[in-house]
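Visitor: Please pick a single part of this model and take me through it slowly. I would like to see what surrounds it and how the rest of the chain is arranged.

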Amino acid sequence: MKIKLIDFTIMGDERGSLIALEENHNVPFDVKRVYYIFGTKKDVRRGYHAHRDLKQLAICTSGSCKFLLDDGQNKQHIELNSPTHGLLIEGLVWREMYDFSEDCVLMVLADNYYTANDYIRDYEQFLQEVAYDS
Ligand code: TYD
């Protein structure tokens, strides 16, 4: 599955911590877009899509949430609960996000602008595209 956890270097001192994200350094792509999900209601599950051609780096800058990641063959659950690491998702990966804590701020960096055509929102269609891809 084309996913990877990236640990960020913390610039910490007696005042606290700081993390810098830099395009093509610790963020392994050109950053065209940043969005963040917050104020997610209890028991909400969102996502339910895959991207045809998009690199994304998801960082829980506050609180926690979980990802279900599915490449059509294997499923994996990952919890993001620290601003010190990011989840890189590339390729055809179906994702669902759930168990958002009340204080969760999920920030996502992406290598392209929002493009509705890039979304696969139907799971059967996703499986077909995975089969065609391999
Ligand atoms: P949606 O795709 O439903 O979020 P998710 O799949 O992550 O749960 O996005 C919610 C709305 O926001 C939808 O109308 C599309 C819009 N949107 C943008 O305009 N730009 C963006 O970068 C994103 C991610 C969503």
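Guide: Gladly! Two strands pair if DSSP finds at least two bridges between them, and the strands themselves are DSSP runs numbered from the N terminus (E, at least two residues; helices are H or I, at least four). The model is predicted, so local features need pLDDT of at least 70 and side-chain atom pairs pLDDT 80 or more, while totals for chains, interfaces and linings use all residues. Residues are numbered from 1 along each chain as its sequence is written, and side-chain values use heavy atoms, without hydrogens or water.

Let us settle on β4, which spans residues 56-62. Five of its seven residues are buried (under 20% relative accessible area with a 1.4 Å probe and protein chains only; exposed is over 50%, partly exposed in between). That is why β4 is largely enclosed by the rest of the structure.

Now look to either side of this strand. β4 is antiparallel to β9 (residues 105-110), and six bridges join the two. If you find I59 in your viewer, its bridge partner in β9 is M107. β4 also pairs with β7 (residues 85-89), again in the antiparallel sense, this time over four bridges. Here L57 is the residue to follow: it stands opposite L88 of β7.

Step back a little, and these strands fall into place in an open sheet of five strands. The order is β1-β7-β4-β9-β2, with antiparallel pairing. The edges belong to β1 (3-7) and β2, each of which pairs on one side only. β2 covers residues 33-38 and includes F38. In contrast to the buried part of β4, F38 is exposed, at 54% relative accessible area.

As a biochemist, you may well be wondering about the cysteines. C60 and C104 make an interesting pair, yet the structure holds zero disulfides (a disulfide being two cysteine sulfur atoms within 2.5 Å). The closest cysteine sulfur to that of C60 is in C104, 3.5 Å away, and so too far for a bond. The same reading holds from the other end: C104 is in no disulfide, and its nearest cysteine sulfur is that of C60. Both side chains are covered, since C60 has a relative accessibility of 0% and counts as buried, while C104, at 1%, counts as buried too.

There is another open sheet of five strands to compare with ours, in the order β6-β5-β8-β3-β10 and with antiparallel pairing. β6 (75-80) and β10 (119-120) have a single partner strand each, so one side of each is left without a neighbour in the sheet. The partner of β10 is reached through two bridges, which join it to β3 (residues 46-51) in an antiparallel arrangement. H51 is one residue to look for there, with Y119 as its bridge partner in β10.

Finally, two backbone details are worth a stop. Most residues other than glycine have a negative phi. D43, however, has a positive phi of about 65° although it is not a glycine. D43 lies in the loop between β2 and β3 and is exposed, with a relative accessible area of 72%. Y48, in strand β3, also has a positive phi, near 55°. With 36% relative accessibility, Y48 counts as partly exposed.
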